[in-house]
Amino acid sequence: DESVQSLLSYEKTPSALTSVQKPLSYKKQSSVLSDESVQSQLSYEKSLSVLGHLSIESPFEKPHSILSDESVQSPLSYEKTPRALKSVQKPLSYKKQSSVLSGFDVQSSSFLQTPTDSKPLATGSSLPGSSTQRIPVPMKLRYSKIKRLSLKGSKESSHFNDIVAEDAHRLVIVRKICVEIYFNLNLIKTIQKNMRCVTVTPDNCLAFTSGYGSGVINIYTQDGEHIRDIITPFTNLYGIACNSDGELVVSDMDTNTISHINYDTGEVSHTTSDTQLFCWPWFIAVNNNNNVIVSEGLRDCIIVVSRQGEKLLQYVTSGSGEGQLHTPHGVCTDGEHIIVADHWNHRVSLISSEGNFLQHLLTKDDGLYLPIAVTIDHQGNLLVVDWREQLFEVKYKD
C-alpha cells in the first residue's frame, strides 16, 4: 500500500522499497511509516529512521543517503535527481522546474545563480539592490541594413579617432594627426592639429579634447575656425560629450575621473570622487537623463554613472563570445540603447539600458576591422569608423 510521490514536489519522503516501478507522478502522499512525521519539502526537522543512524537534513541540497548512488539526468538542467527506486525510469517531461537545486527559482523559472561549470555571456548590474541578470536570447530589432560610405577629397592616411554628425549634412572626423570636416561626404576643411575626441556644443560649435598630456578643450565653429580654448585643471583628457544642461562632460585618464564643465565659464562643476570607480575612462557618451556612459578599455566593460557620479550600471564581460567585449572603444546612445565599438572582436554591439546584450549590429563578416568610434546621425542611423579608415552606415530600427 505504499506509493512513490512525484519527483517534482515531495511532501513526504519516498518509500525505501525497491520493487515499485510506478511512473513519476502521484497525487497522493507517501505513507512510509505511520508513526514518522515529515515536515514540508523545504526543510526536515525529523530524520528518517528507516536506516537507523542515517538521516537527511535537506534532501533538496544533496541526494538522499538512503538511496542508490545512481542518478537520473534531468531534461532541464538538473545536476542530479535522486532515484528513489532503482526501477524508476527517467522522467519524460516537466511543466515546472524542481526545487531540488538551489540554483533555480521554482516560481519564476528564472536563473538565480549561474552554474559553476559555465561562464555567463554577459552581465549587467544596475542600481544597488538589483541582482545580476543572466542575458536573454538576443532580440533583433530588425535586420540591419549596412552601407559602406565613401569619403571624398581626403589625402590623409592616419587612422580615425572619433566621429560626430554636426547636422544632416556635416560630418566631423578626428584623425590621429588632424581633423576633417565633410559636407555631404565631401571634404571642405582640414584642421592641422592633434585632437582626440569631439562633440557638438549647445551653440552648435565643435569642442575637442586636445592631444596626449593636455587638459585643454578647443572650441571651433562648424566650418573649422578656432574660437577659444577652455583650460581645465586636468592633464590627460580623452572623451568628451555634452549633456542637456549644456555642460561639457570629459574623462581624464590621469585622475581616472569624469567631470562636468560649465561651457561658458570653463569652471568644473562636478568631478567623480570615487577614485576606484574607473581604471581608465576612455570614450564617453551622455543619454537623455544626463547619465554618463563610459568605456573602460582595460577592464573590458561599460560603466554608467549619474550626473552626481553614482554608479548606476556596469556591463562586465570579457572575451570573444556572444555579448562579450574585448577592449571596448567608442560608445554612443540612441536614447534607448547603448552602442559600443567592440574593438578587438571586430564588431559593434547593441546593449539595452538595463545592461542586457541584444545583438551585434556590425561584424567582421560585414568588412568591419577594429572599430574605433560610433555616433548616431540626424536620421537616426548609426555611423561607425574603423582602423582601416572605413565609414559604415547602419540602419537597425524603424
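Student: Which residue of strand 23 does I338 stand opposite?

Tutor: In this predicted model, strand 22, which covers residues 337-342, pairs with strand 23 in the antiparallel sense over six bridges. Within that pairing, the residue of strand 23 that stands opposite I338 is I351.

Student: Which residue of strand 24 stands opposite I351?

Tutor: Strand 23 also pairs with strand 24, residues 357-362, and this pairing is again in the antiparallel sense, over four bridges. The residue of strand 24 that stands opposite I351 is F357.

Student: Which residue takes a positive phi in the hairpin of strand 22 and strand 23, and which one does so in the hairpin of strand 23 and strand 24?

Tutor: The hairpin of strand 22 and strand 23 has four residues between the strands, and there a positive phi near 55° belongs to H346. The hairpin of strand 23 and strand 24 has four residues between its strands as well, and there the positive phi, near 95°, is taken by G355.

Student: Why is strand 23 described as largely enclosed by the rest of the structure?

Tutor: In a regular strand the side chains alternate between the two faces of the sheet, so both faces have to be examined. On one side of strand 23, R347, S349 and I351 are all buried, and on the other side V348, L350 and S352 are buried too. Strand 23 is therefore largely enclosed, because the number of its residues, 347-352, that are buried is six of the six.

Student: Which residues touch the most other members of the largest nonpolar core?

Tutor: One way to picture this is through I302, whose contacts, leaving aside residues up to four places away in sequence, include I293, V294, L313, L325, I338 and V340. A second, separate core has 15 residues, among them L361, L362, F392 and Y396. In the largest core, which has 42 residues, those that touch the most other members are I163, L171, I217 and I302.

Student: Which residues do ring pairs link into a cluster?

Tutor: A search of the whole structure finds five aromatic pairs. One of them joins W282 and F283, whose rings are tilted, with 5.5 Å from centre to centre and 45° between the planes, and both W282 and F283 are buried. The cluster linked by ring pairs consists of Y238, W280, W282 and F283.

Student: How far is the charged end of R388 from the centre of the ring of Y369?

Tutor: There is a charged end over a ring elsewhere in the model too, where R228 sits over the ring of Y263, 4.8 Å from its centre. For R388, which sits over the ring of Y369, the distance to the ring centre is 4.0 Å.

Student: Is T221 buried or partly exposed?

Tutor: T221 lies in the loop between strand 11 and strand 12, and it touches C205, L206 and I227, not counting residues up to four places away in sequence. A residue counts as buried under 20% relative accessible area. The value for T221 is 24%, so T221 is partly exposed.

Student: Over which residues is the pLDDT below 50?

Tutor: The mean pLDDT of the chain is 74, and 64% of its residues reach 70 or more. There is nevertheless a stretch with pLDDT below 50, which has 195 contacts in the model beyond near neighbours in sequence, and that stretch is residues 1-140.

Key: Residues are numbered from 1 along each chain as its sequence is written. This is a predicted model: local features need pLDDT of at least 70, side-chain atom pairs count only at pLDDT 80 or more; totals for chains, interfaces and linings use all residues. Side-chain values use heavy atoms; hydrogens and water are left out. pLDDT is the predictor's confidence in each residue, from 0 to 100. Contact means heavy atoms within 4.5 Å. Rings of Phe, Tyr and Trp (its six-membered ring) pair if their centres lie within 6.5 Å; planes under 30 degrees apart count as stacked, over 60 as edge-to-face and the rest as tilted. Buried means under 20% relative accessible area, exposed over 50%, partly exposed in between (1.4 Å probe, protein chains only). A charge sits over a ring if NZ of Lys or CZ of Arg is within 6 Å of the ring centre and within 35 degrees of the ring normal. Helices (H or I, at least four residues) and strands (E, at least two) are DSSP runs, numbered from the N terminus. Two strands pair if DSSP finds at least two bridges between them. A nonpolar core is a set of buried Ala, Val, Leu, Ile, Met, Phe, Trp, Tyr and Cys residues joined through side-chain atoms within 4.5 Å.
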